[in-house]
Amino acid sequence: MVIAISIRTGLGLTSNRYVEEIEFETAFNNTLNKQYNTEDLIRLLNPQNNDEKQLLFQKAREIRDKNFKNGIYLYGFVYFSTNCRNNCRFCYYRCDNKHPERYRKTRNEIIKISNKYVEEGVHLLDLTSGEDPYYHDNFNRYTELLQEINKLDTPIMISPGVLTQKQLKEAKEAGADWYALYQETHSKPLYKKLRPNQPYQKRYNARKNANKNGFLTEDGMLLGIGENLDDIAKTIKKMSKQPTNQVRCMKYVKQKGIPIPHQKTPTEYSTVIAVLRLTNPQKLIPASLDINGLKGIEKPLEAGANVVTSLVISDLGLKGVAQHEYGIDSGERSPKQVKKYLKQKGYKINNKNNL
């Protein structure tokens, strides 16, 4: 039996190459034994029947439960500035898009919001923004904010885009614990199409520099932006070799003003999560409410995820990213509703002191 793998040429076109299909059991065992290659991952990403898929998911859950006995973590999403100087072709808040509601919360508002999340029992504060010149060009504003939020005694993740060595050092000293910087893909031709005028290596090196400055770090990939199985497999392999502490996969959601069209993904989102778990057994892997609310986290949790991200409390004036409004006003993404959902599904909720 053979499978076709779509390969990009230097002109951005695709051609098919045929490779002899590896037996699922062989690819599965190679991956568990950390002796896998790209072809092994392609085979796992392409289960041929329900038995193969169920074995993949079952093993992913076993690995999660073995390495993370304390249960599921909850991350409060504090998207405090929707202003960004970049023009990423997949992002609703790209600088050229005229559709989004732009806002920049004041320091007092951000502190109040963060305190509300802590009161409602999240395990980490995910401080996210675009690459807002207001902060990047006067970084003292950012570090002063971090110093105030650090007083809440809850782990802080920052997602401000690419930071310099000096900025990383200052952010760490101000109290940040995590640095999240997603590559989206480790296919360089595809990356170039997604992030114009943002050098691949500069972004990659920022994450490495964060590790050197004592940060816990996160890399992420995006599904549904024109990738093929080869791209996904190589991205997963690259992510698994990095000294990160958390890896994630997000699913592209088409919105107004984004030039990338809606595209069918070459594999299921939850299958990618399962393969990420097999290749990153001791790393945190999120299931995001930002894709489809509570319905959107069900399968990723079944596939080995152990974090629920993008919790948003209603009435705080915050937006999501992939889904900037979904489930916020209704309270579906609130800590209270997420905890209720997880308990109904039989999941144990973690203690923030274990993060």
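**Salt bridges, ring pairs and a cysteine set**

Glu-62 pairs with Lys-59 in a salt bridge, with 3.5 Å between the closest N and O atoms. Both belong to helix H3 (residues 50-67), and because they are 3 residues apart there, about one helical turn separates them. Glu-62 is partly exposed at 39% relative accessibility, and Lys-59 is partly exposed too, with a relative accessible area of 27%. The model is a predicted one, and its salt bridges come to 19. As a general point, oppositely charged side chains can pair when their charged atoms come close.

Other bridges reach across the sequence. Arg-104 and Asp-132 meet through their side chains at 2.7 Å, N to O. Arg-104 sits in the loop between E3 and H4, while Asp-132 sits in the loop between strand E4 (124-129) and helix H5 (133-136), so this salt bridge ties together parts of the chain that are 28 residues apart in sequence. As for burial, Arg-104 is partly exposed, with a relative accessible area of 36%, whereas Asp-132 comes out as buried at 1% relative accessibility.

The salt bridge between Lys-345 and Glu-298 has an N to O distance of 3.6 Å. Here the segment after helix H13 (335-344) supplies Lys-345 and helix H12 (residues 289-302) supplies Glu-298, so the pair ties together parts 47 residues apart in sequence. Lys-345 counts as partly exposed at 43% relative accessibility, and Glu-298 also counts as partly exposed, at 32%. Elsewhere, Arg-85, Glu-131 and Asp-137 are joined in a network of salt bridges.

Turning to the rings, the structure has 12 aromatic pairs. One of them is Phe-80 with Tyr-142: the ring centres are 6.4 Å apart and the planes stand at 40°, so the pair is classed as tilted. It links distant parts of the chain, with Phe-80 in strand E3 (residues 73-81) and Tyr-142 in helix H6 (residues 139-149), 62 residues apart. Both rings belong to buried residues, Phe-80 having a relative accessible area of 0% and Tyr-142 one of 1%. Tyr-92 and Tyr-93 make another pair, with ring centres 5.1 Å apart and planes at 75°, so this one is edge-to-face. Tyr-92 is buried at 8% relative accessible area, and Tyr-93 is buried at 2%.

Phe-80 and Tyr-142 also turn up in one aromatic cluster along with Tyr-134, Tyr-135 and Phe-139. A charge joins the picture at Tyr-134: the charged end of Arg-141 sits over that ring, 4.0 Å from its centre. A lysine does something similar elsewhere, with Lys-172 lying over the face of Phe-215 at 6.0 Å from the ring centre.

Then there are the cysteines. An unreviewed UniProt entry places the feature "binding site" at Cys-84, Cys-88 and Cys-91. From this set, Cys-84, Cys-88 and Cys-91 are part of the lining of the largest cavity. Cys-88 is in the loop between E3 and helix H4 (107-119), and Cys-91 is found in the loop between E3 and H4 as well. Cys-88 is buried, with a relative accessible area of 8%. Cys-91, at 18%, counts as buried because the cut-off for that label is under 20%. Neighbours within four places in sequence aside, Cys-88 is in contact with Arg-94, Leu-194, Arg-195, Pro-196 and Gln-198.

Methods. Residues are numbered from 1 along each chain as its sequence is written. This is a predicted model: local features need pLDDT of at least 70, side-chain atom pairs count only at pLDDT 80 or more; totals for chains, interfaces and linings use all residues. Side-chain values use heavy atoms; hydrogens and water are left out. Rings of Phe, Tyr and Trp (its six-membered ring) pair if their centres lie within 6.5 Å; planes under 30 degrees apart count as stacked, over 60 as edge-to-face and the rest as tilted. Helices (H or I, at least four residues) and strands (E, at least two) are DSSP runs, numbered from the N terminus. Buried means under 20% relative accessible area, exposed over 50%, partly exposed in between (1.4 Å probe, protein chains only). A charge sits over a ring if NZ of Lys or CZ of Arg is within 6 Å of the ring centre and within 35 degrees of the ring normal. UniProt positions are given in the numbering used here, feature names are shortened, and annotations may be inferred rather than shown by experiment. On a 1 Å grid over the protein atoms alone, a cavity is a set of points where a 1.4 Å probe fits but cannot get out, and a pocket is an open set with protein on both sides within 12 Å along at least five of seven lines; lining residues have an atom within 4 Å of a point. Contact means heavy atoms within 4.5 Å. A salt bridge is a side-chain nitrogen of Lys or Arg within 4 Å of a carboxyl oxygen of Asp or Glu.
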